[in-house]
Amino acid sequence: MSDWGPVFVAVVLFVLLMPGLLIQIPGRNRCIEFGNFQTSGASILVHSIIYFCLICIFLLAIGVHICHLMADWGPVLIGVVLFVLLQPGLLFQIPGHTRTVEFGSMKTNGKSIAFHTLLFFVLYAILILAVHVHIYTG
């Protein structure tokens, strides 16, 4: 039986911590900005660190996936890497503001957030549930 706990936690954190959707730290003009649909390299770094800390708490400390006795770093590391790579506007954005695919725009919109979240969910679920990527520490 597959453990959907890490997938659910990773996807929810991906959406909630996406720079510019709810909050951006640091913002473009202030230390913290809310709902500005902008991003930057610095805010992606800060949000990635927050994502890493929260996913470690939920998956390793609290143990959302109870079926393992040893700490499994696979879901954590895969989640953090996908979190960074799939931020709309960092490497690419689908759909973009003026084209179907835009590269390095550092902007986002509701449609691209939905698409990137779906892409995150699919890739994360495949790697964790189908491929079974695990990194155990004792």
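Here are four short exercises, with worked solutions, on a predicted model.

**Exercise 1. Get the fold on paper**

Task: Work out how many helices and strands the chain has, and in what order they run.

Solution:
- Start with the tally: the chain has four helices and four strands.
- Now walk from the N terminus, and you read off α-β-β-α-β-α-α-β.
- For a feel of the packing, note that 41% of the 138 residues are buried.
- Look at the contacts with a separation of 6 or more: 57% of them join residues 24 or more positions apart.

**Exercise 2. Find the core**

Task: Find which residues touch the most other members of the largest nonpolar core, and which elements feed that core.

Solution:
- This core holds 25 residues, and the ones touching the most other members are Val7, Tyr51, Ile55, Phe120 and Tyr124.
- Two or more residues come from each of α1 (5-16), α2 (41-61), α3 (74-85) and α4 (110-130).
- Zoom in on Phe120: leaving out residues up to four places away in sequence, its contacts are Ala10, Val11, Phe14, Tyr51, Gly79, Leu82, Phe83 and Leu86.
- Next, list what α3 buries: Gly74, Pro75, Val76, Ile78, Gly79, Val80, Leu82 and Phe83.
- As a check on α3 itself, its 12 residues reach 16 Å from first C-alpha to last, close to the 16 Å expected at 1.5 Å a residue.

**Exercise 3. Place Ser48**

Task: Decide whether Ser48 is buried or exposed, and say why.

Solution:
- Locate Ser48 first: this residue sits in helix α2.
- Its relative accessibility is 8%, and the cut-off for buried is under 20%, so Ser48 counts as buried.
- Beyond neighbours within four places in sequence, Ser48 contacts Phe83 and Val84.

**Exercise 4. Compare two ring pairs**

Task: Classify the pairs Tyr51–Phe83 and Phe52–Trp73, then work out how covered each ring residue is.

Solution:
- There are five aromatic pairs to choose from.
- Tyr51 and Phe83 are stacked, at 4.5 Å centre to centre with 20° between the planes.
- That pair links helix α2 (Tyr51) to helix α3 (Phe83), 32 residues apart.
- Tyr51 is buried because its relative accessibility is 0%, and Phe83 is buried at 0% too.
- For Phe52 and Trp73, the centres are 6.3 Å apart and the planes meet at 25°, so this pair is stacked as well.
- Phe52 is in helix α2 and Trp73 in the loop between β3 (71-72) and α3, so the pair ties together parts 21 residues apart in sequence.
- Phe52 comes out partly exposed at 31%, and Trp73 is partly exposed at 26%.
- Finally, ring pairs join Phe14, Tyr51, Phe83, Phe120 and Tyr124 into a cluster.

Note on methods: Residues numbered from 1 in each chain as written. Predicted model: local features only at pLDDT ≥ 70, side-chain atom pairs only at ≥ 80, totals over all residues. Heavy atoms only, no water. Core = buried A, V, L, I, M, F, W, Y, C linked by side-chain atoms within 4.5 Å. Buried < 20%, exposed > 50% of the residue type's maximum accessible area, 1.4 Å probe, protein only. Contact = heavy atoms within 4.5 Å. Expected span 1.5 Å × (residues − 1). Phe/Tyr/Trp six-rings, centres within 6.5 Å; stacked < 30°, edge-to-face > 60°.
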